[in-house]
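Load the model in a viewer, show it as a cartoon, and keep a selection prompt ready. The stops below say what to select next and what is there.

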Amino acid sequence: MLKGIISAIFLAVVCTFLYGQQPSIATFLKGRAPVEVIPGMFTTYRSDKYIYWEIPDSLIEREFAVTTTILAAPARPDRDMEKKFGYSGDMVGPVFFSFRKQGDELWMMDPQHERVIENPEGTYAKIAAQRGNERLYKILPVKARNQGSSLVEIGEVLKDFPLFTLDIVSFDLLISTRLREKDCIKEIKGYDNRLLIHASRAYRSSSMGMPGKPVSPPYIGDWDTGICIKLLSKNPLETVAASSGAYFSISKECFQGDQPAIRNAVIKRWRLEIKPEDKEKYMRGELVEPIQPIIFYIDRNTPKKYISCIIEAVRDWRPAFEKAGFKNAIDARLAPTVEEDSDFSIYDSTYPFISWKIS
């Protein structure tokens with residue numbers, strides 16, 4: 001009897017192990033259509049109509065920022081000249097996501113950064129804490145595994161999920177239905193801390209009737225977009241409350257014990273860091289140069305007569321940064337040519353970009 005029970009338990013364990021076992025990535029991809037391998041933050045595999053990401057375990061729970069830049073917009077007969085958004089060079093985002101392991105799945109999560117619980121004691125704060133600090137975007141089944149990484153199919157998500165499309169700004173762009181059959185991932189480039197994706201989309205127009213103006217006939221417009229998925233630092237910047245004189249800020253929902261939520265302004269700032277060897281100088285009040293200065297790159301379509309003016313306008317901010325203890329903290333220069341820097345891209349959020357609107 002005991003021998004039979006032990007055999008049954010052993011058989012159950014073996015069956016569970018075999019059921020949960022995943023093939024290796026090489027085994028999974030073997031025999032498929034020719035596979036293009038794109039090394040980078042996530043090694044990307046393109047095979048026929050499928051796109052896979054190999055996601056290292058070291059990047060699970062890390063956060064990523066997604067920005068989408070309009071590279072080419074349709075000539076729109078219904079454009080209101082007062083509308084300043086929707087031209088080539090305009091950026092959407094950033095929006096954020098992270099991955100969480102859940103059995104044989106990777107969950108794509110939305111980190112909830114708009115809420116701050118300053119005092120966890122109290123009814124309102126406890127209710128807010130129960131909501132958690134993230135919500136579920138998508139569930140991605142793991143197709144294969146290597147030691148230290150998981151393979152997921154991401155092609156349909158890149159094409160269809162709002163995080164990577166213009167759907168999240170459809171109202172501002174006056175677009176409606178996306179023609180999914182026309183979605184096309186043209187190119188993917190991989191780097192150690194980011195992925196660049198060149199994608200084209202087609203949308204039906206969504207003209208809004210204005211009093212005294214005829215409604216424009218509907219049309220289908222082609223949109224060329226560049227998506228940048230960038231790995232964020234492990235150590236986020238400390239939150240600093242904005243005073244009434246702060247120029248650039250974002251608001252967060254703050255909970256303090258038994259008080260209902262209030263909106264507090266937080267400074268929206270650049271990651272300027274002090275070199276270790278300059279820390280004592282900085283603390284003494286001496287000006288120091290940051291590890292990574294802010295460099296704005298100017299669109300090469302900008303008329304030559306304005307370029308020097310734009311550079312001077314950016315440099316006019318230097319005194320403000322000097323009050324914060326940094327010298328040479330901000331500058332501007334003309335965007336490099338392909339020959340000068342083959343890695344430069346206007347939709348790579350590594351490079352702050354000032355675009356010229358031909359209109």
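Which residue of β13 is the bridge partner of Val 66? Select Val 66 and look across to β13: the partner there is Ile 229. On β5, Val 66 has Val 95 as its bridge partner. Keep in mind throughout that this is a predicted model.

**Whole chain**

Zoom out before going further. The protein chain has 359 residues, of which 36% are buried. Eight helices and 18 strands are present. Of the contacts between residues at least 6 apart in sequence, 66% join residues at least 24 apart.

Now colour by pLDDT. The chain average is 85, and 88% of the residues score at least 70. Select residues 8–19: pLDDT stays under 50 there, and the model has zero contacts for this stretch beyond four places in sequence. Where pLDDT is low, the predicted coordinates should not be read in detail.

**Strand β4 and its partners**

Select residues 63–72, which make up strand β4. Eight of these 10 residues are buried, so the strand is largely enclosed by the rest of the structure. Add residues 91–102, strand β5, which pairs with β4 in the antiparallel sense over six bridges. Then add residues 220–231, strand β13; eight bridges join this strand to β4, and the two run antiparallel.

**The nonpolar cores**

Show side chains for Phe 42, Trp 53, Phe 64, Phe 97, Phe 99, Phe 164 and Ile 229. These are the residues with the most contacts inside the largest nonpolar core, which has 31 residues. Ile 229 is the residue already met as the β13 partner of Val 66. In soluble globular proteins, nonpolar side chains tend to be buried together.

Centre on Phe 42 next. Beyond four places in sequence, its contacts are Trp 53, Glu 54, Ile 55, Pro 56, Leu 59, Phe 64, Phe 99 and Leu 195. A second core, separate from this one, has 12 residues; among them are Val 288, Ile 298, Ile 311 and Ala 332.

**Arg 194**

Select Arg 194, which lies in strand β12 (residues 194–205). Is Arg 194 buried or exposed? Its relative accessibility is 9%, so Arg 194 counts as buried, the cut-off being under 20%. Draw a distance from its side chain to that of Thr 350: the two make a polar contact at 3.3 Å. Apart from residues up to four places away in sequence, Arg 194 touches Met 41, Lys 189, Ile 229, Lys 230, Asp 348 and Thr 350.

**Gln 147**

For a contrasting stop, select Gln 147, in the loop between β8 (134–146) and β9 (149–153). Gln 147 is exposed, with a relative accessible area of 86%. Add Ile 25, which is 122 residues away along the chain; the C-alpha atoms of Gln 147 and Ile 25 are separated by 9.9 Å.

**A mixed three-stranded sheet**

Select β7, β14 and β15. They form an open sheet in the order β7-β14-β15, with mixed pairing. The edges are β7 (115–119) and β15, each pairing on one side only. Ignoring direction, neighbouring strands of this sheet are turned by 35 degrees against each other on average.

Now look at β14 (residues 249–256) and β15 (residues 259–267), which pair in the antiparallel sense over seven bridges. Ser 249 stands opposite Ile 267, and Gln 256 has Gln 259 as its bridge partner. How many residues lie between the two strands of this hairpin? There are two, and Gly 257 in the turn has a positive phi of about 65 degrees. Add helix α3 (residues 123–130): it lies across β7, β14 and β15 and runs at about 135 degrees to β7.

**A parallel three-stranded sheet**

For the last stop, select β16, β17 and β18. This open sheet has the order β17-β16-β18 and parallel pairing. Its edge strands are β17 (330–334) and β18 (353–354), each paired on one side only. Two bridges join β16 (residues 294–298) to β18; Tyr 297 has Phe 353 in β18 as its bridge partner. Finish with helix α7 (residues 304–315), which packs on the sheet and touches β16, β17 and β18. The direction of α7 makes about 165 degrees with that of β17.

Terms used:
Residues numbered from 1 in each chain as written. Predicted model: local features only at pLDDT ≥ 70, side-chain atom pairs only at ≥ 80, totals over all residues. Heavy atoms only, no water. Helix = DSSP H or I, 4+ residues; strand = E, 2+ residues; numbered from the N terminus. Buried < 20%, exposed > 50% of the residue type's maximum accessible area, 1.4 Å probe, protein only. Polar contact = N/O pair within 3.5 Å; in protein donor to acceptor, adjacent residues only side chain to side chain. Contact = heavy atoms within 4.5 Å. Core = buried A, V, L, I, M, F, W, Y, C linked by side-chain atoms within 4.5 Å. Pairing = 2+ DSSP bridges. Axes fitted to C-alpha atoms, helices over the stretch in contact; angles between N-to-C directions. pLDDT = per-residue confidence, 0-100.
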